[in-house]
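This briefing goes through a few local features of one protein model. Please look over the sequence and the structure before reading the notes.

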Amino acid sequence: MRFNKGDLVTRISYNHDLLFRIASIREKTVQLFGEDLRLEADAPIDDIVMVKSRDLEKRRKKGKEQEDFSYRLFRQDYQLMKEKREYQSTEGYYYEAQYFQLPAKVLHLDGDQMYLRKCIELYRRVGLQVHGVHVNEKEMPVKIGELVRKIQPDIIVITGHDAFSKNKGQKNDLRAYRHSRYFAETVREARNITPDLDQLIIFAGACQSHFESLIRAGANFASSPLRINIHALDPVYIAAKIAYTSFMDKVGVRDALRNTLTGDKGMGGVETRGLLRTGMPYLESGSNDNQ
């Protein structure tokens with residue numbers, strides 16, 4: 001069977017467990033990117049098969065149901081946080097007050113252009129301001145400094161593809177990971193500019209990433225404690241939870257991971273303050289001080 005870049009395939013040796021798209025073809029080997037999970041893998045060309053349209057439809061329907069479920073959980077969580085802010089701003093609804101909010105700004109670096117588009121769509125859906133940049137994982141450490149100084153974000157997401165290879169070393173050996181060391185270097189470069197973990201919130205990592213090195217480098221949240229795969233959209237939900245939590249409140253790790261598709265097996269972190277600041281009074285646009 002003839003394969004082309006972008007074809008959707010599964011691996012025979014892994015019992016067709018995950019859906020991949022072909023990123024490149026090199027003689028008898030193909031480079032694969034997970035369609036929904038942030039995983040990069042190599043496979044012999046005779047180990048892959050094209051996905052039949054019926055199977056593809058079934059997989060996408062299941063994936064959409066999971067994504068919709070996570071989004072509904074986030075909306076419920078957001079509504080509770082909104083009600084809490086309204087209660088506090090009106091001193092227990094004693095005063096009528098029109099308040100405004102200072103939104104957090106997100107810088108999202110992604111090694112996968114398709115994932116980046118999906119994430120930007122979700123950021124917009126949850127109402128977050130995002131500056132998305134497609135950057136090859138190996139180039140991220142070089143480019144992060146200029147981006148931080150230019151955009152001055154409150155939250156940075158550093159993600160793309162990763163994978164752990166048993167053939168290259170043990171789980172504690174950073175050399176056994178495809179891109180973890182580049183993610184860690186990128187975190188360190190950002191922390192050289194803004195060391196405070198509450199002033200700049202960082203999520204770093206992808207599927208099977210070396211969690212410990214990313215946290216030591218200065219990430220607030222990272223993947224993957226148990227070296228499992230994470231969903232492409234998971235970093236967005238962590239960013240949104242922090243962005244919509246008051247700066248007066250801390251975000252517990254379990255709370256941050258509650259609305260993700262992967263949960264605490266795939267991601268972890270440290271207690272972090274929220275970023276949302278509320279002010280008043282809210283002035284209608286076009287209001288005139290002389291009236």
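Is aspartate 255 buried, exposed or partly exposed? Aspartate 255 is partly exposed, with a relative accessible area of 31%, a value that falls between the 20% limit for buried and the 50% limit for exposed. The model is a predicted one, and the points below take up aspartate 255, two buried side chains, the cysteines and two pockets.

**Aspartate 255**
- Helix 7, which spans residues 253–257, holds aspartate 255.
- From aspartate 255 to isoleucine 238 the C-alpha to C-alpha distance is 9.1 Å, and the two residues are 17 apart in sequence.

**Arginine 38**
- Strand 3 (29–34) and strand 4 (40–44) are joined by a loop, and arginine 38 lies in that loop.
- Arginine 38 has a relative accessible area of 0% and therefore counts as buried, the limit being under 20%.
- Two backbone oxygens are reached by the arginine 38 side chain: that of alanine 232 at 3.2 Å and that of glycine 160 at 3.3 Å.

**Histidine 108**
- Strand 7, residues 105–110, contains histidine 108.
- The relative accessible area of histidine 108 is 0%, so this residue is buried.
- A polar contact of 2.9 Å links the side chains of histidine 108 and tyrosine 123.
- With neighbours within four places in sequence left aside, the residues in contact with histidine 108 include Arg38, Cys119 and Tyr123.
- Also among the contacts of histidine 108 are Leu116, Val130, His131, Gly132, Val133, Val157 and Thr159.

**Cysteines**
- How many disulfides does a search of the whole structure find? The search finds zero.
- Why is there no bond at the sulfur of cysteine 119? The closest cysteine sulfur, in cysteine 207, is 12 Å away, which is too far for a bond, because a disulfide needs the two sulfur atoms within 2.5 Å.
- Taken from the other side, the closest cysteine sulfur to that of cysteine 207 is in cysteine 119, again at 12 Å and too far for a bond.
- Cysteine 119 is buried, with a relative accessible area of 0%.
- Cysteine 207 is likewise buried, and its relative accessible area is 0%.

**Largest pocket**
- The largest pocket holds about 570 Å³ of space.
- Its lining consists of 20 residues, of which Arg11, Tyr14, Phe164, Ser165 and Gln208 are the closest to the centre.
- Which strand gives the most to the lining of the largest pocket? Strand 4 does, with three residues.
- By class, nine lining residues of the largest pocket are charged, seven are nonpolar and four are polar.

**Second largest pocket**
- A volume of about 470 Å³ is found for the second largest pocket.
- The second largest pocket is lined by 19 residues, and the closest to its centre are Asp17, Leu18, Asp36, Leu37 and Gln66.
- Helix 1, residues 53–89, gives the most to the lining of the second largest pocket, with six residues.
- The lining of the second largest pocket divides into seven charged, six polar and six nonpolar residues.

Conventions. Residues are numbered from 1 along each chain as its sequence is written. This is a predicted model: local features need pLDDT of at least 70, side-chain atom pairs count only at pLDDT 80 or more; totals for chains, interfaces and linings use all residues. Side-chain values use heavy atoms; hydrogens and water are left out. Helices (H or I, at least four residues) and strands (E, at least two) are DSSP runs, numbered from the N terminus. Buried means under 20% relative accessible area, exposed over 50%, partly exposed in between (1.4 Å probe, protein chains only). A polar contact is a pair of N or O atoms within 3.5 Å; within protein, one must be able to donate a hydrogen and the other to accept it, and residues adjacent in sequence count only if both atoms are side-chain atoms. On a 1 Å grid over the protein atoms alone, a cavity is a set of points where a 1.4 Å probe fits but cannot get out, and a pocket is an open set with protein on both sides within 12 Å along at least five of seven lines; lining residues have an atom within 4 Å of a point. Grid points are joined across faces, edges and corners, and a volume is the space filled by probe spheres set on the points. Ala, Val, Leu, Ile, Met, Phe, Trp, Tyr, Cys and Pro count as nonpolar, Asp, Glu, Lys and Arg as charged, and the others, Gly among them, as polar. Contact means heavy atoms within 4.5 Å.
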